[in-house]
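Reader: Please take one part of this model and go through it closely. I would like the boundary between two of the domains, followed by a short look at the ligand sites.

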Amino acid sequence: MKSDIQIAQEAKMIHIKEVAKSLDIQEDDLELYGKYKAKFSDELLSKIQSNKDGKLVLVTAINPTPAGEGKTTTSVGLGQAMGVLGKKACLALREPSLGPCFGIKGGAAGGGYAQVVPMEDLNLHFTGDFHAITSANNLLAAMLDNHIQQGNSLGIDPRQIVWKRCLDMNDRVLRNIVVGLGSKMDGMVREDHFVITVASEIMAILCLADDMHDLKKRLGRIIVAYSFDGKPVTADDLQATGAMAALLKDALKPNLIQTLEHTPAIVHGGPFANIAHGCNSVRATKASMKLADITITEAGFGADLGAEKFFDIKCRMAGLKPDAVVLVATIRALKYNGGVPKADLTTENLDALKKGIVNLEKHIENLQKYGVPVVVTLNSFITDTDAETNFVKDFCQERGCEFALSEVWEKGGEGGVELAKKVLYVLENKESNFKPLYENNLSLEDKIKTVATEIYGASDVTYSAAALKELKRIQELGMGDFPVCMAKTQYSLSDDASKLGRPTDFTINVREVYASAGAGFVVAVTGSIMTMPGLPKVPAANNIDVTDDGVITGLF
Ligand SMILES: Nc1ncnc2c1ncn2[C@@H]1O[C@H](COP(=O)(O)OP(=O)(O)O)[C@@H](O)[C@H]1O
Ligand SMILES: O=COP(=O)(O)O
Ligand SMILES: [Mg+2]
């Protein structure tokens, strides 16, 4: 089998204006970035507002191995399969971060014969959105430190600065730094921190904003610090809002590319689901629903993270009503959850499968709590055996679950026809009665407890003293009705990456809490999760190169 990048580079793409035409979009409504990428104009987005909404399908997964279990691959393959069946479908996906690209996981363009292209553009600089987000985030940081240097008229307490710098890279040494070293003219010495760009609140705001007006209101509300008398200091107070919005003018526009089989893909925003809310932009999803009969979108990592935040944050805030959920399982991840080491996942092991399948069972139960019909799909790997595949199929069918085998990685759209037909059946015959897991009027602690007990299976939640103090301050500042965004490891339903399968009798330990006042949610940081990942012993970057005539190699 060729590598992902070989398949992608051999692909014969059509001009992006032809892809747009399949969505009834005229060339004048596109802002072209070469022949194969474009942004939607603001005029287009307002023009389509009166269109009828198509159906919305979420693709999620069970708890993954470090390689990932194929949500993006399945989403792309399902979109292609809808095309094979003559349906008007469109993808709404996230943009990849450079962190995993050069780290462990590689790119996020799908895989095999189910990819969005041009994959090397998408995985590297794409249309510059992440660079714009990084610049806007760090402009705010620079203006904050400059305000202190220039006399600190707002009375900012340098010990209560909550705004962090960001960079779209896995760079552990930036987690905790000291700034302002040198002479008096070099600024106030203080401890500072970097997060990876996909965990920046600016990313979340870009992904939740309706339009430029809403973007600026959200940016202005960002809390960067507290004053000596405990009052929140915002981006508006620093007069940074307009300049940040100017930097984000183009990044706010959704991007259009295509799959290997020319299915349209709107790709916009890219928060991770373990340390952020894990969903592409509301603007991209709503645009797709106005342009196509079926929108297929993905939320990051397992359903305990991406799907939970898709439902309880994105759908709640944007008024979206999902019509179906595709839950991706893989034999390798089920065995991994059954205790098999990464190196042995390609060997048949029915015992481990039986042990690990409780993870799939829990995710099926969880998704059913949202009132949206579920289709389980087994993302088939060439190393899977018939015995293993049949075991999973029987497990699902014995529980009355809709099930389909997916072979999209190996066969592209054709490999997804069984899944597409199952999804179409569910869309036509099963009603969705979507409701979020909790009401906003619950206390923040009760919201956290609801997610922890109902979705993770925890018996209780513990808080550090600092987290409890911050929860109280957030409540007093009037943000108690915000939804919660849980930052947690993706490998386990618990906050301990070593607890695989379906752990029980565990507590979720919240060590830090902060309000993303602009995004409109409260982040609860659990266990030892980091908002600035580090590179592995052998980074994927070691194998990435570019030839003398400009061909990228080694991306996957
Ligand atoms: N069926 C499959 N067989 C082999 N590799 C696969 C398959 N499905 C996905 N992959 C690979 O696994 C990795 C993760 O896939 P991806 O779709 O990005 O997962 P997710 O979106 O869930 O993180 C990618 O490198 C992809 O090419
Ligand atoms: O936020 C994580 O997204 P993937 O699960 O698609 O890697
Ligand atoms: Mg993905």
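Author: The centres of domain 2 and domain 3 are 24 Å apart, taken over C-alpha atoms. This is a predicted model. Domain 2 covers 127–246 and domain 3 covers 442–523, while domain 1 is assembled from 2–10, 49–124 and 250–427.

Where domain 2 and domain 3 touch, 12 residues of domain 2 are in contact with 11 residues of domain 3. The size of an interface is often given as the accessible area lost when the parts come together. For domain 2 and domain 3 the buried area is about 880 Å², with 51% of it on carbon and sulfur atoms. On the domain 2 side, the residues that lose the most area to domain 3 are Glu201, Ile223 and Tyr226, which together make up 44% of what that side buries.

As for specific interactions, one salt bridge is counted between domain 2 and domain 3. A salt bridge joins the side chains of Lys164 and Glu512, with an N to O distance of 3.7 Å. Between domain 2 and domain 3 there are also seven residue pairs in polar contact, both residues being at pLDDT 80 or more.

In terms of secondary structure, three elements each supply at least two residues of the domain 2 side that touches domain 3: α8 (201–208), α9 (212–221) and β12 (223–227). Of these, α8 gives the most, with four residues. By residue class, this side of domain 2 has seven nonpolar residues, one polar and four charged.

Now the ligand sites. Around ligand 1 there are 17 residues, and those that come nearest are Lys71, Thr72, Thr73, Lys105 and Ser380. The side chain of Asp4 has an N or O atom 2.9 Å from an oxygen atom of ligand 1. For Glu298, a polar side-chain atom is 2.9 Å from an oxygen atom of ligand 1. A nitrogen atom of ligand 1 is involved with Trp409, whose side chain places an N or O atom 3.4 Å away.

Ligand 2 is surrounded by Lys71, Arg94, Lys105, Phe272, Ala273, Glu298, Gly300 and Phe301. Two lysines have polar side-chain atoms at listed distances from an oxygen atom of ligand 2: Lys71 at 2.7 Å and Lys105 at 2.3 Å. With Phe301 the backbone takes part, an N or O atom there lying 2.6 Å from an oxygen atom of ligand 2.

Note on methods
Residues are numbered from 1 along each chain as its sequence is written. Chains are lettered from A and ligands numbered from 1 in the order in which they are written. This is a predicted model: local features need pLDDT of at least 70, side-chain atom pairs count only at pLDDT 80 or more; totals for chains, interfaces and linings use all residues. Side-chain values use heavy atoms; hydrogens and water are left out. Domain bounds come from an automatic or database domain assignment. Contact means heavy atoms within 4.5 Å. Buried area is the accessible area (1.4 Å probe) that two parts lose on being put together, summed over both. A salt bridge is a side-chain nitrogen of Lys or Arg within 4 Å of a carboxyl oxygen of Asp or Glu. A polar contact is a pair of N or O atoms within 3.5 Å; within protein, one must be able to donate a hydrogen and the other to accept it, and residues adjacent in sequence count only if both atoms are side-chain atoms. Ala, Val, Leu, Ile, Met, Phe, Trp, Tyr, Cys and Pro count as nonpolar, Asp, Glu, Lys and Arg as charged, and the others, Gly among them, as polar. A residue is near a molecule or strand if one of its heavy atoms lies within 4 Å of it.
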